[in-house]
Amino acid sequence: MRVKSPSIILSILLVSIAMSSCLNTDEVTEFSSNASITAFGIDTIYGVEYDFEIDQIRNLIYNRDSLPVSADTIIDKTLITTLSTAGMAVMSGDTLFNAEDSVNLLPAMNKSGSEGMKFKVYAADGITTRTYTLQVRVHRQDPDSLVWKNMPSFSTAINPGEQKAVVFNDELLVYTSYHTLYRTPATADPCVWTAAGVAGLPADVRLSTMLAYEGSLYAVSGSREVYRSADGLTWTAVPGLGNRVVALIGEVGGRLAGIVEGETDGKNYFNTCDGTAWSTDSPLQEVPEGFPLEGLCATHATNGNGIVKTVVVGEPYAGQEATVPWSTENGTLWVPYDTDAAACPVMSHPFMGYYGGEFCLWGGQMDAIYTSRTGIAWYETEEKFLLPEAFAGKTNYSIVIDPTVDANDKRDYIWVVFGGNGTANEVWRGRLNKLGFIEY
């Protein structure tokens with residue numbers, strides 16, 4: 001039953017006061033002027049209960065965790081299961097609130113500022129009132145969907161050699177040779193490309209080895225020397241790292257990990273450096289059979305004990321039957337994440353990142369994504385977190401993640417740059433929807 005008109009509400013309050021005063025004419029009864037709402041809740045959405053918070057300073061009621069995208073088809077006729085107040089009556093519009101009646105919350109959906117549904121609370125004194133605004137936040141996008149956008153390409157020219165994309169100094173850089181790169185601000189939408197000349201890199205530089213560490217870019221040449229640049233344009237050799245560098249892996253515990261050939265035995269060993277000189281600690285761990293030496297791709301994840309692990313994959317060996325990640329905590333001791341069950345299929349040119357709370361891995365024919373919570377058991381995604389059909393069959397690509405560092409500057413973009421080795425250039429940008437949501 002719905003009771004309308006504020007005059008009826010006030011009448012109820014006045015009658016209550018009058019009756020209370022008649023109970024004992026010798027005592028003066030003081031009625032509370034508290035008109036606060038102390039708790040609010042609605043019926044479950046797809047079986048999930050969403051908490052609502054009350055900002056008593058702004059008289060605002062809202063849900064911090066947004067409801068699912070399709071919740072608009074539910075909240076148009078739902079129940080307010082909790083509405084606790086210190087007052088005597090609550091009005092919604094011209095209607096007295098009744099917990100047994102369903103309500104339409106669509107007028108409160110995704111409102112901001114002072115907009116939303118109003119609830120007017122009448123205190124027991126019959127005089128004091130307080131009006132609250134209800135705002136129901138509902139996702140406009142599916143938070144678990146990976147959404148891709150085809151961006152303007154940097155060049156229509158076909159490059160016969162390899163290409164490498166890196167995110168550096170808030171820019172996306174695409175190296176098309178040892179002397180040319182294209183750059184765009186990483187936040188530009190659409191991309192705004194400019195060409196730039198590169199100086200100091202040798203003609204035999206292996207662009208696939210390029211990575212960022214401590215504010216500089218590093219790359220390994222065919223003669224196994226390391227080159228460094230502070231701006232991506234001007235490069236110089238790093239004599240202290242020698243000329244026996246097989247590969248650079250990535251940052252581990254504040255140091256740059258790599259693989260170096262031994263001085264006398266010709267074997268490969270793991271070591272770490274500060275960007276200028278390798279550690280002299282010994283003994284070093286010999287690189288075990290099966291550890292990748294080409295096309296290395298490293299990522300970082302923190303386990304339940306707060307320990308940061310670096311995990312790497314790379315180009316498979318001939319006859320390899322699965323893509324096996326390797327993990328380390330210090331850059332010198334590595335262990336394989338191999339498994340007999342739920343292994344990730346072997347693929348050429350694999351990319352791996354820790355993204356959206358789990359490991360993701362893809363490559364080869366670019367037709368499937370595999371994910372893993374721990375990096376050991378892998379499963380192909382079947383919905384939402386997918387690659388575009390336009391990727392399938394394109395095997396020349398460079399992939400890099402631009403992570404969010406400042407919460408006010410949402411990034412977490414995955415950049416996929418196709419091209420090189422005689423194929424057409426394309427630039428795509430993807431992001432998991434929820435990583436772009438603003439936290440309230």
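Strands here are DSSP runs of E that are at least two residues long, and they are numbered from the N terminus. With that in hand, Thr78 is easy to place: look in the loop between strand S3 (60-63) and strand S4 (80-85). Keep in mind that this is a predicted model. In the chain you'll find 33 strands and 1 helix. The radius of gyration is 31 Å, while the globule rule gives 22 Å for 440 residues, so the chain is more spread out than a compact globule.

**The chain as a whole**

- Along its principal axes, the C-alpha trace runs to about 105 × 50 × 40 Å.
- Of the 440 residues in the chain, 45% are buried.
- Take the contacts with a separation of 6 or more: 54% of them come from residues 24 or more positions apart.
- The exposed area of the chain is about 21600 Å², and carbon and sulfur atoms supply 50% of that.
- On the charge side, the chain has 29 positive and 52 negative charges, and the mean positions of the two sets are 6 Å apart.

**Two buried loop residues**

- Thr78, the loop residue between S3 and S4, has a relative accessible area of 5%, and because the cut-off for buried is under 20%, Thr78 counts as buried.
- Setting aside neighbours within four places in sequence, Thr78 touches Asp43, Asp101, Ser102, Val103 and Leu105, in the sense of heavy atoms within 4.5 Å.
- Ile45 is another loop residue, sitting between strand S1 (37-42) and strand S2 (52-55).
- The relative accessibility of Ile45 is 1%, so Ile45 counts as buried too.
- Once neighbours within four places in sequence are left out, the contacts of Ile45 are Tyr50, Leu67, Pro68, Ala71, Ile74 and Ile75.
- One of those partners, Ile75, is 30 residues from Ile45 along the chain, and the two C-alpha atoms are separated by 8.4 Å.

**Aromatic pairs**

- How many aromatic pairs does the structure hold? The count is 18.
- Trp148 and Phe391 make one of them, an edge-to-face pair with 5.1 Å centre to centre and 70° between the planes.
- This pair links distant parts of the chain, since Trp148 belongs to strand S9 (residues 146-151) and Phe391 to the loop between strand S30 (379-380) and strand S31 (397-402), 243 residues apart.
- Are Trp148 and Phe391 buried or exposed? Trp148 is buried, with a relative accessible area of 15%, and Phe391 is buried at 0% relative accessibility.
- Phe270 and Trp334 form a tilted pair, because their ring centres are 5.6 Å apart and their planes meet at 35°.
- That pair also links distant parts of the chain: Phe270 is in strand S20 (residues 268-273) and Trp334 in strand S25 (residues 334-336), 64 residues apart.
- Both Phe270 and Trp334 are buried.
- Back to Trp148 and Phe391: ring pairs join them with Tyr397, Phe418 and Trp428 in a cluster.

**Cis peptide bonds**

- The bond from Asp189 to Pro190 is a cis peptide bond, with omega near 5°.
- You'll find Pro190 in the loop between strand S12 (180-185) and strand S13 (194-197).
- Ser282 to Pro283 is cis as well, and here omega is near 0°.
- Pro283 sits in the loop between S20 and strand S21 (297-302), and S20 is the strand that holds Phe270.

**Positive phi outside glycine**

- Which residue has a positive phi of about 55° although it is not a glycine? That would be Asn110, which lies in the loop between strand S6 (95-96) and strand S7 (117-122).
- Asn110 has 22% relative accessibility, so Asn110 counts as partly exposed.
- His349, also not a glycine, has a positive phi of about 50°.
- The loop between strand S26 (344-345) and strand S27 (351-355) is where His349 sits.
- His349 is partly exposed, with a relative accessible area of 30%.

Definitions and conventions:
Residues are numbered from 1 along each chain as its sequence is written. This is a predicted model: local features need pLDDT of at least 70, side-chain atom pairs count only at pLDDT 80 or more; totals for chains, interfaces and linings use all residues. Side-chain values use heavy atoms; hydrogens and water are left out. Helices (H or I, at least four residues) and strands (E, at least two) are DSSP runs, numbered from the N terminus. The radius of gyration is taken over C-alpha atoms; the globule rule is 2.2 Å times the number of residues to the power 0.38. Buried means under 20% relative accessible area, exposed over 50%, partly exposed in between (1.4 Å probe, protein chains only). Accessible areas come from the Shrake-Rupley method with a 1.4 Å probe; for residues, only the protein chains shown count as cover. Lys and Arg count as positive and Asp and Glu as negative; His and the chain ends are not counted. The place of a charge is taken as NZ of Lys, CZ of Arg, CG of Asp or CD of Glu. Rings of Phe, Tyr and Trp (its six-membered ring) pair if their centres lie within 6.5 Å; planes under 30 degrees apart count as stacked, over 60 as edge-to-face and the rest as tilted.
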